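Open the model in your viewer and keep the sequence panel beside it. This tour goes from one selection to the next and says what is found at each stop.

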Amino acid sequence: MSTLAHTMMTSARSADSALAGPGELDRYPYAEAPAADRVVAPAWEGADSELGRVGRRAAGSRGRGLHGQLVQQLGQMIVSGDLGADRPLVPEEIGQRFEVSRTVVRESLRVLEAKGLVSARPNVGTRVRPVSDWNLLDPDIIEWRAFGPQRDDQRRELTELRWTIEPLAARLAAGHGREDIQQRMADMVEIMGHALGQGDALTFSRADAEFHSLLIQIAGNRMLEHLSGIVSSALQVSGGPVTGCDRPNDTSLAHHARIVEAVVNGDGMAAEAAMRQLLTVHPEVERVVPAPREH
């Protein structure tokens, strides 16, 4: 067993030992989440419009100002079904209701059109498109579905996709000797262990997300890497009964460490098996994913 693998197994067995001391996680390169990162857009009022009746989550600016807020707001309303398929969207009405300029409305509708949520045609105008036309792998749509009426289906589907992507990525990663990325993965497990001991779920989840992103990166398959956004989105919106990888606990930490150990040792089968075990730390997962393969 390599020195790096041994270090990771030691970290997993004792989340509090051989790790950074109190306060040292300040060096972790993530900005703290703002206390409030969502802003509420003006409500759509009017008894003659179903747009005025919908109860919505606050829209997220995502650093994009009014344009980002309007995309978020309209996207949530479409994905939740409050704006049904073939519903006309009149730019003038949107601008008036949300108190934004024509330019903001126009650019927001273009973004939604690129996601497959709306279509704009001459002499027809802009209309909401059916679910079959949506880009369901778009990170925004994944989020909107995960926090809307389709939350259970979205989380189940994400878990099933992860079972397709991540065990394969783990097996492929074991064949690539990128020591820099292996060390970074080891660092993430160490950070997760310290965060677990401190009860810091936010730091744990951030390190967890980077761990899985690095694993796909080291797999050496560009098509898999292109799908890494699915895994990131799954971790961000998880919390339903079919996900467990993101939940801070000793079992999850140990599985992460075993993945690193197998990758470092070039053992593809062990890396794949450890990833499958990680994705089934919650018993409910077994109902929606196949049993681990025999090797």
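Start by selecting P88, whose bridge partner in β5 is R127. Keep in mind throughout that this is a predicted model.

**The sheet**

Add the rest of β3 and β5 to the selection: two bridges join these strands, and they run antiparallel. Now bring in β4, which is joined to β5 by four bridges, again with the strands antiparallel. Click on R127 once more and look for S119, which stands opposite R127. With the three strands shown together, you have an open sheet in the order β3-β5-β4, with antiparallel pairing. Its edge strands, β3 and β4, each pair on one side only.

Next, go to the hairpin of β4 and β5, where three residues lie between the strands. N123, in this hairpin, takes a positive phi near 65°.

**Helix α4**

Select residues 102-114, which make up helix α4. This helix has 13 residues and reaches 18 Å from its first C-alpha to its last, close to the 18 Å expected at 1.5 Å a residue. Which residues of α4 are buried? They are V104, V105, S108, L109 and L112. Turn the view to look down the axis of α4: the buried residues fall within an arc of 125°, so they line one face of the helix. An α-helix has 3.6 residues a turn, so residues three or four places apart point the same way.

On the other side of α4, colour R102 and A114, which are exposed. Then show what covers the buried residues of α4: the cover includes the strands β3, β4 and β5, along with the helices α2 (65-79), α3 (91-98) and α5 (139-146). Before leaving, step just past the end of α4 to G116, which takes a positive phi of about 85°.

**The nonpolar cores**

Move on to the largest nonpolar core, which has 30 residues. Those with the most contacts inside this core are M185, F211, L215, I259, V260, V263 and M275. To see where the core comes from, select α6 (151-173), α7 (179-198), α8 (201-218), α11 (250-264) and α12 (268-278), the elements that give two or more residues to it. Which element gives the most to this core? It is α7, with eight residues.

Centre on M185 and leave aside its neighbours within four places in sequence: M185 is in contact with F211, L214, L215 and V260. A second, separate core has 21 residues, including V100, V104, V105 and I141. V104 and V105 have been met already, among the buried residues of α4.

**Last stop: E157**

Select E157, in helix α6. Is E157 buried, partly exposed or exposed? Its relative accessibility is 27%, so E157 counts as partly exposed. Display its side chain together with that of R145: a polar contact of 3.0 Å joins the two. Finally, pick the C-alpha atoms of E157 and A234, which are separated by 9.4 Å, although the two residues are 77 residues apart along the chain.

Note on methods:
Residues numbered from 1 in each chain as written. Predicted model: local features only at pLDDT ≥ 70, side-chain atom pairs only at ≥ 80, totals over all residues. Heavy atoms only, no water. Expected span 1.5 Å × (residues − 1). Buried < 20%, exposed > 50% of the residue type's maximum accessible area, 1.4 Å probe, protein only. Arc of directions from axis to C-beta. Contact = heavy atoms within 4.5 Å. Pairing = 2+ DSSP bridges. Core = buried A, V, L, I, M, F, W, Y, C linked by side-chain atoms within 4.5 Å. Polar contact = N/O pair within 3.5 Å; in protein donor to acceptor, adjacent residues only side chain to side chain.
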